[in-house]
Amino acid sequence: EVEAFYRNTRGWVGFAQATYAYVHREGDSGQAVNAPEVSAGGGLSSPAFRGVHLSTEVVFLTGRRTREDTKTDPWLGWNTTLYMPRWRGLDATIGVKNMLALREQVPTQDDYDRTDAAGNPVSVPTLPGEGFEAYARVGYSY
């Protein structure tokens with residue numbers, strides 16, 4: 001695992017991280033379910049410009065093994081936030097999560113499995129993760 005963080009006197013902040021994880025369990029195939037081999041990310045946050053901060057980050061996960069011994073696709077996410085402290089007596093945040101709108105495939109446990117109308121078992125090895133999401137938060141500034 002490697003992490004780096006940078007902040008200068010003008011207010012710029014940058015960060016990056018990368019992790020390689022070898023996860024092994026006894027029995028079965030020996031590979032753990034839902035354990036990405038590599039995860040990485042990085043981001044940048046601006047100093048206040050006319051009272052507004054802009055931040056962005058990118059997140060990456062390699063494919064993960066499911067219960068059915070298949071792998072999910074790798075996933076890339078991108079998030080951006082606009083933060084306005086002390087804006088007209090309020091703290092306001094506007095952001096977008098998963099700007100690329102790529103849905104992560106999330107491996108599931110067996111309690112997500114179902115049966116069809118004929119009573120046959122139906123395996124649900126993955127669920128779609130969060131899609132594109134825009135949000136706003138407003139709070140009192142004190």
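**Exercise 1. State the volume of the largest pocket and describe its lining.**

The largest pocket has a volume of about 200 Å³. A pocket is an open set of points on a 1 Å grid over the protein atoms alone, where a 1.4 Å probe fits, with protein on both sides within 12 Å along at least five of seven lines. Lining residues have an atom within 4 Å of a point. There are 13 of them, and Val23, Gln31, Ala35, Glu37 and Lys71 are the closest to the pocket centre.

The model is predicted: local features need pLDDT of at least 70, side-chain atom pairs count only at pLDDT 80 or more, and totals for chains, interfaces and linings use all residues. Residues are numbered from 1 along each chain as its sequence is written, and side-chain values use heavy atoms, with hydrogens and water left out.

**Exercise 2. Classify Val13 as buried or exposed, and list its contacts.**

Step 1: Val13 belongs to strand β2 (residues 13–20); strands are DSSP runs of E, at least two residues, numbered from the N terminus.

Step 2: its relative accessibility is 17%, so Val13 is buried (under 20% relative accessible area; exposed is over 50%, partly exposed in between; 1.4 Å probe, protein chains only).

Step 3: beyond four places in sequence, Val13 touches Phe5, Tyr6, Arg7, Gly43, Leu44 and Ser45 (contact: heavy atoms within 4.5 Å).

Step 4: Val13 and Leu44 lie 31 residues apart in sequence, with 5.7 Å between their C-alpha atoms.

**Exercise 3. Do likewise for Tyr83.**

Step 1: Tyr83 sits in strand β5 (residues 75–87).

Step 2: with a relative accessible area of 32%, Tyr83 is partly exposed.

Step 3: apart from neighbours within four places in sequence, Tyr83 contacts Gly51, Val52, His53, Asp91, Ala92 and Thr93.

Notes. Helix = DSSP H or I, 4+ residues; strand = E, 2+ residues; numbered from the N terminus. Points joined across faces, edges and corners; volume = space filled by probe spheres on them.
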